Every structure is written in C-alpha cells, then in structure tokens.
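Subject: The structure I promised you

Hi,

Here is the structure we talked about, with the sequence alongside. Have a look at it first, then read on for what I found in it.

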Amino acid sequence: MFLRVARHTDDLDKIEDFYVNLLGFERLGSFQNHNNYDGIFIGKPGMDWHLEFTKSEEKAKHSFDQDDVMVLYPKTIEEYNRLINNFLKNNISSITAHNPFWNENGKMFLDPDGYRIVISPLKAEISEIE
C-alpha cells in the first residue's frame, strides 16, 4: 500500500521551507494549474509515502484540534538533536502538547499552517499501542 497525506495550504513556499529545510525531507515533485491547483510532493525518495500540499484560489480552512499531531521519529539521537537545533536556530519555539506523553517523549512545534508536529527520540513499540 502507498500512503499520500494531502493538505491544502495558503503558502506553498513556507510549507516547503519548513518540511524540506527544517525537517530534512525532499521535494519529490510538483505541479502547476492542475484543475486550478498548484502543488508539491514532499517526502523521502524510494519510500511508500509522501506529503502533498496544494494551493488554489480558495483559502485553506484548517480545522484541527490540539490532539491532531504528526509524529516524526528520527532514527538516531544525533538526527533528533539536529532537528531540534534547526528549529531553535530558526527561532521556532516548541509548544506544550495537550497530551503529556509528547511533553515527556519529544518536542512539539507548529508548522506554518498551525499543524502540530512532534519530534520524538523514542519510537513507541507497537505492543504499547495495542
């Protein structure tokens, strides 16, 4: 199965800067004026998933709550520290998560659209979730 998570935004440039330059993903592709939408694909080459961000003349209407979170698990503590330092160097402060688990097991940040991103150094075991 292949996974694409698609989301509308008002600023593709800010979203691309955040996900590529801060989080270290890559721009995998883009499109212009496809049924009045522009878009970019962001992820890692060769993976079975990517993020798609689109923009149109219609303003994005974001509706989410404080527990809607994208969690990223860096593979090493060095990668975790590099990501956290990227945020700090760019004056992006962490915020307090509503779910205390994320405060104890990572740092939460807001992307340019206000969506919550957690960077966690600990990969939760599937058995803990089930």
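Let's start with the overall layout. Going along the sequence, the order of elements is β-α-β-β-β-β-α-α-β-β-α, which adds up to four helices and seven strands. The radius of gyration is 15 Å, close to the 14 Å that the globule rule gives for 130 residues, so the protein is as compact as a globular protein of that length. If you drew a box around the C-alpha atoms along the principal axes, it would be roughly 45 × 30 × 30 Å.

Keep in mind that this is a predicted model. How confident is the predictor on average? The mean pLDDT is 92, and 94% of the residues score at least 70. The stretch to be careful with is residues 125-130, where pLDDT stays under 50. For those residues the model has one contact beyond four places in sequence.

A few more whole-protein numbers, in case you want them:

- Of the 130 residues, 34% count as buried.
- Among contacts with a separation of 6 or more, 55% are between residues 24 or more positions apart.
- The accessible surface is about 8600 Å², and 48% of that belongs to carbon and sulfur atoms.
- There are 14 positive and 22 negative charges, and the mean positions of the two groups are 4 Å apart.

Now for some single residues you can click on.

Try Glu-16 to begin with, in helix H1, which covers residues 12-22. Is Glu-16 buried or exposed? Its relative accessibility is 18%, and because the cut-off for buried is under 20%, Glu-16 counts as buried. Ignoring neighbours within four places in sequence, Glu-16 touches Asn-21, Arg-27, Ile-40 and Ile-42.

Thr-54 sits in strand E4, residues 49-55. With 12% relative accessibility, Thr-54 is also buried. Which residues is Thr-54 in contact with, once neighbours within four places in sequence are left aside? The list is Arg-7, His-8, Thr-9, Leu-12, Phe-31, Tyr-37, Asp-38 and Gly-39.

Next up is Gly-29, which belongs to strand E2. Gly-29 has 22% relative accessibility, so it counts as partly exposed. Apart from neighbours within four places in sequence, Gly-29 is in contact with Ile-40 and Phe-41. You could also try the distance tool on Gly-29 and Gly-114: they are 85 residues apart in sequence, and their C-alpha atoms are 24 Å apart in space.

Last, two asparagines with a backbone angle to look at. As background, most residues other than glycine have a negative phi. Asn-35 is not a glycine, yet its phi is positive, about 55°. Where is Asn-35? It lies in the loop between strand E2 (26-34) and strand E3 (37-43), and at 61% relative accessibility it counts as exposed.

Asn-91 has a positive phi too, near 55°. You'll find Asn-91 in the loop between helix H2 (77-89) and helix H3 (100-104). Asn-91 is exposed as well, with a relative accessible area of 72%.

Have fun clicking around!

Cheers

Technical notes. Residues numbered from 1 in each chain as written. Predicted model: local features only at pLDDT ≥ 70, side-chain atom pairs only at ≥ 80, totals over all residues. Heavy atoms only, no water. Rg over C-alpha atoms; globule rule 2.2 N^0.38 Å. Buried < 20%, exposed > 50% of the residue type's maximum accessible area, 1.4 Å probe, protein only. Contact = heavy atoms within 4.5 Å. Areas by Shrake-Rupley, 256 points an atom, 1.4 Å probe, with all protein chains shown as cover. Lys, Arg positive; Asp, Glu negative; His and termini not counted. Charge placed at Lys NZ, Arg CZ, Asp CG, Glu CD. pLDDT = per-residue confidence, 0-100.
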